Amino acid sequence: MTDTKTKCGVVAVLGAPNAGKSTLVNQLVGQKVAITSAKAQTTRARMMGVALHHGDDAETQMILVDTPGIFAPKRRLDRAMVSAAWEGAEAADAVLLLVDPVKQRRHELEPLIEQIAQRPERKILVLNKVDVAKKEPLLALAQELTGKVDFAEVYFVSALTGDGVPEMKDALAGMMPEGPWMYPEDQVSDASERLLATEITREQLYRQLHEELPYDSAVRPEKYIERPDGSVEIHQQIVVMRDNQRAIVLGKGGSRIKAIGEAARKELSEMLGQKVHLFLHVKTDERWSEDKEMFEEMGLDWKS
Ligand SMILES: Nc1nc2c(ncn2[C@@H]2O[C@H](COP(=O)(O)OP(=O)(O)OP(=O)(O)O)[C@@H](O)[C@H]2O)c(=O)[nH]1
């Protein structure tokens, strides 16, 4: 093993909202690092996962840049999300375009295809959700897209079941340049635990409230205290735009927020491997999406 060469590179994962990027990153890393949700545009902060590949000739580390969904920007928040997405794709060793063949979201996919065609990196096309997609339209779509962009390879996968993912991972590893690893072997994510912890809560918010909650709500980290007994005390603030949304998040007699907190706490303690005390506070702030400080907390750039 000692004379096996090492490879290391960056893979930008692009796709329309809900294409399954977070699910794929989790699958490649082999553990939960990015947040998945049925609700579109939940990936707000730029999260990274580090996937390892053990090949016959090389041990490869792939830094996966899991970008927010790209869509036509209107408000400041949206514009920042779009620029964060493109920043993530800068200077990658491979660009992976993930497409949901069932809900293609053409209006969001087309501009992405146009821009990706101009990029100098090696591109691979990954058609996702083969577990639910029909074969013929899938092949037709692959043919259409490879006619528009010079993809080095095309893969058909299910990020959900993992079907086809190992083959795709082999190919990606093959595209990485030789070089020393950027992260220690046990570090699967460079997202701070504080931020990751807010993502877990945000995911529960979406899971439990579905369409009742608009996507412009946020979870802010307040305090993260390691207790001497080995447990951790986490305080977070859920920020919504209007009072009626606050009432929805709280639920009758506080029942909803309690259920959200319980589910998030369970998941957090599993993820962190320690006992978690989670404190959630709900705040109404109609101007939060215009707030510079909150933006920066979420890892986004403040640009007007
Ligand atoms: N059936 C099926 N569903 C999938 C597959 N991959 C992802 N999904 C589902 O599609 C939805 C969106 O997946 P995400 O991984 O959150 O998508 P995303 O691209 O990160 O979404 P944004 O954060 O909005 O950009 C979730 O409900 C996933 O469970 C798949 O291979 N098959």
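**Exercise 1. Describe the open sheet that contains E7, E8 and E9, and find which strands stand at its edges.**

Solution. Begin with the order: three strands form an open sheet, arranged E7-E8-E9, and the pairing within it is mixed. Next, consider the partners of each outer strand: strand E7 (218-226) and strand E9 (276-284) each have a single partner strand, so they stand at the edges and one side of each is left without a neighbour in the sheet. From one strand to the next, the twist averages 15°. These elements belong to a predicted model.

**Exercise 2. Work out how E8 is joined to E9, and which helices pack on the sheet against them.**

Solution. Strand E8 (residues 232-240) and E9 run parallel and are joined by nine bridges. At one point of this pairing, Val 240 is found opposite Thr 284 of E9. Helix H7 (residues 243-250) packs on the sheet, where it touches E8 and E9, and its direction makes about 155° with that of E9. Helix H8 (residues 255-272) likewise packs on the sheet and touches E8 and E9, its direction making about 140° with that of E9.

**Exercise 3. Determine whether strand E4 is enclosed or open to its surroundings, and trace its pairing.**

Solution. First count the buried residues: in strand E4 (residues 94-99) six of the six are buried, so the strand is largely enclosed by the rest of the structure. Then separate the two directions. In a regular strand the side chains alternate between the two faces of the sheet. In E4, Ala 94, Leu 96 and Leu 98 point one way, while Val 95, Leu 97 and Val 99 point the other way, and all are buried.

Now take the pairing. Strand E1 (residues 5-15) runs parallel to E4 and is joined to it by five bridges, with Val 11 having Ala 94 of E4 as its bridge partner. E4 also pairs with E5 in the parallel sense, over six bridges, and here Leu 97 has Leu 125 of E5 as its bridge partner. Finally, follow the connection: E4, helix H3 (residues 106-117) and E5 make up a right-handed β-α-β unit.

**Exercise 4. Is Ile 124 buried or exposed, and which residues does it contact?**

Solution. Locate the residue first: Ile 124 lies in strand E5 (residues 122-127). A residue counts as buried when 20 or more other C-beta atoms lie within 10 Å of its own; Ile 124 has 20 within 10 Å and is therefore buried. With neighbours within four places in sequence left aside, its contacts are Ala 94, Leu 96, Phe 151, Ala 152, Glu 153, Tyr 155 and Ala 171. As for distance along the chain, Ile 124 and Asp 150 are 26 residues apart, yet their C-alpha atoms are separated by 8.7 Å.

**Exercise 5. Place helix H1 and the nonpolar cores within the chain as a whole.**

Solution. The protein chain has nine helices and nine strands, and buried residues make up 39% of its 304 residues. In helix H1 (residues 21-29), nine of the nine residues are buried, so the helix is largely enclosed by the rest of the structure; among them are Lys 21, Asn 26 and Gln 27. Just after H1, Gly 30 takes a positive phi of about 85°.

Turning to the cores, the largest nonpolar one has 42 residues, and those with the most contacts inside it are Val 11, Val 13, Leu 64, Leu 96 and Val 126. Another core, of 17 residues, lies apart from it and includes Ile 200, Leu 205, Tyr 206 and Leu 278.

Definitions and conventions:
Residues are numbered from 1 along each chain as its sequence is written. This is a predicted model: local features need pLDDT of at least 70, side-chain atom pairs count only at pLDDT 80 or more; totals for chains, interfaces and linings use all residues. A residue is buried if 20 or more other C-beta atoms lie within 10 Å of its own, exposed if 12 or fewer, and partly exposed in between; C-beta atoms are placed from the backbone. Helices (H or I, at least four residues) and strands (E, at least two) are DSSP runs, numbered from the N terminus. Two strands pair if DSSP finds at least two bridges between them. Axes are lines fitted to C-alpha atoms, for helices over the stretch in contact, and angles run from 0 to 180 degrees between N-to-C directions. Two residues are in contact if their C-beta atoms, placed from the backbone, lie within 7 Å. A nonpolar core is a set of buried Ala, Val, Leu, Ile, Met, Phe, Trp, Tyr and Cys residues joined through C-beta atoms within 7 Å. A crossover is right-handed if, with the strands pointing away from the viewer, the path from the first strand over the helix to the second runs clockwise.
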